[in-house]
Amino acid sequence: MASFSFGAGNARKLQRIPLYVAGRLLTAVVPRSRERWVFGCAVGVADGALALWQVAAAAGERTTWLVADDVQAADAEARGIPWVRRDSLRGLWRTARARVIVVTHGFGDVQRYAVSGALVVQLWHGIPLKRIGLDSPETTRSALLPESRAVNRLLAVLYRRTMRQISLIPAASHLVRGRLETAFGLDDSRVPVTGEPRVDVLSRGSAADRRRAARDAISAALDLDLDERRVVLYAPTWRDGAPDPAIPTATDWDRIDEVLSRHDAVLLVRPHPLGAGDYRPSSARIRLLGSDVVADVTPLLPGLDALITDYSSLAFDAALVPLPVAFFAPDLEEYTARRGLYGRYADVAGDDPARTWDETIDRLDGILHDPSVARDASRRRSATVHAHRDGRNAERVHRAVRARMDAEARGRSAGSRRKRTP
């Protein structure tokens, strides 16, 4: 599995500085069209960008999705979404002309060299438990002269300047808002508490309908007949380029299979798409559900019966179901020291998270036998981090974008009047 690290990524950013300068010159002379919106997402036609696109398109906005490959192009085509290749001249031009740019991960979701001067909507891709952006030392770590403080300071300056181009980043709650403000170096006027568009799918319709749709999607993705079988998802988070420390041993796989068999359950393993780690289950009850199979796992959460994770934002998404969660943190001290967490891990995972697969399997066995305690804990997490649970987050974000566009237009109009006044 391919791995990515901040160090390698930051080294490439330093090498691309001339291209960023050229992009600034381009956007300085190309006028942006108020009617045009472009969308991009690192994992495909998915996530919060898709939820906001649906609202924007229904409202009559002129939209284009920037796709990275043939798979994304086919997906956009099947959904009736206008698209162009992100890394083409047309992708560069559409990005340079768009008044509104919507991303979920970073500016590389669209044409990164042509975002300057646009109204940038950064939807992000989950409520942060691990520290992100300027709050984490990993963000400014570089493989190019890794011990150089000057390089690290330069990267911090570049990162902060880049993040100032963000016009709007929606927050799930006031608690999350504070994290996003410090992580991206933004004031609170740019971080409205609208809720995250990406989780609207977990609140719309009835619980029974959401579960039925999710299980049908899981069955179709894996060609798996679920019937009444219970489904568990294991989703470890990214280790910043380091190998995943939680790869099960052969003995672990055997114990996992034994518990799954006893409860007539299946385990879906979803390694992080940027992570390093080789999962090789030998049982038919254990299936890989990588991002190459399902780009966005959020809509599948209502179809699950339990989640196993470590520091992933999925624990907060699962709270909307609500879904019982078993926390497995084999490298808690090392991860906390290197990456950092917001608040105390115990406030999210409890005082005694599992540290080995043996402990995790025991927790899973208990949840499958009686999920009530873990489900109640998930409900409490939802009340803490989700201010809105009505399935209308994307609508609120769209209104916030339009309001900001209108305010900017009034400001330009007032400025023009002042210039004409003798």
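Author: Before we start, two strands pair if DSSP finds at least two bridges between them. Keep in mind that this is a predicted model.

Reader: So how many bridges pair strand S8 with S9, and which residue stands opposite Val 269?

Author: Pairing takes at least two bridges. S8 (residues 265–269) and S9 have three, running in the parallel sense. Within that pair, Val 269 sits across from a residue in S9, namely Leu 288.

Reader: Why is one side of S9 and of S11 left without a neighbour in the sheet?

Author: That open sheet has five strands in the order S9-S8-S7-S10-S11, with parallel pairing. Strand S9 (286–288) and strand S11 (325–327) each have one side free because each stands at an edge, with a single partner strand.

Reader: And what does the twist average from one strand to the next there?

Author: Going along S9-S8-S7-S10-S11, the twist from one strand to the next averages 20°.

Reader: What about the sheet of six strands: which are its edge strands?

Author: It's open too, and its parallel strands go S3-S2-S1-S4-S5-S6. The twist from strand to strand averages 35°. Pairing on one side only marks the edge strands, which are S3 (83–85) and S6.

Reader: Which residue of S4 stands opposite Trp 37?

Author: Strand S1 (residues 33–39) runs parallel to strand S4 (residues 98–103), and four bridges join them. Opposite Trp 37 in S4 you'll find Val 100.

Reader: Where is Arg 164, one of the residues in the positive surface patch?

Author: Arg 164 shares that patch with Arg 24, Arg 160 and Arg 161. Its place is the loop between helix H6 (149–163) and strand S6 (166–168).

Note on methods:
Residues are numbered from 1 along each chain as its sequence is written. This is a predicted model: local features need pLDDT of at least 70, side-chain atom pairs count only at pLDDT 80 or more; totals for chains, interfaces and linings use all residues. Side-chain values use heavy atoms; hydrogens and water are left out. Patches are made of residues with over 30% relative accessible area and no salt bridge: like charges are joined within 9 Å, nonpolar side chains (Val, Leu, Ile, Met, Phe, Trp, Tyr) within 5 Å. Accessible areas come from the Shrake-Rupley method with a 1.4 Å probe; for residues, only the protein chains shown count as cover. A salt bridge is a side-chain nitrogen of Lys or Arg within 4 Å of a carboxyl oxygen of Asp or Glu. Lys and Arg count as positive and Asp and Glu as negative; His and the chain ends are not counted. The place of a charge is taken as NZ of Lys, CZ of Arg, CG of Asp or CD of Glu. Helices (H or I, at least four residues) and strands (E, at least two) are DSSP runs, numbered from the N terminus. Axes are lines fitted to C-alpha atoms, for helices over the stretch in contact, and angles run from 0 to 180 degrees between N-to-C directions.
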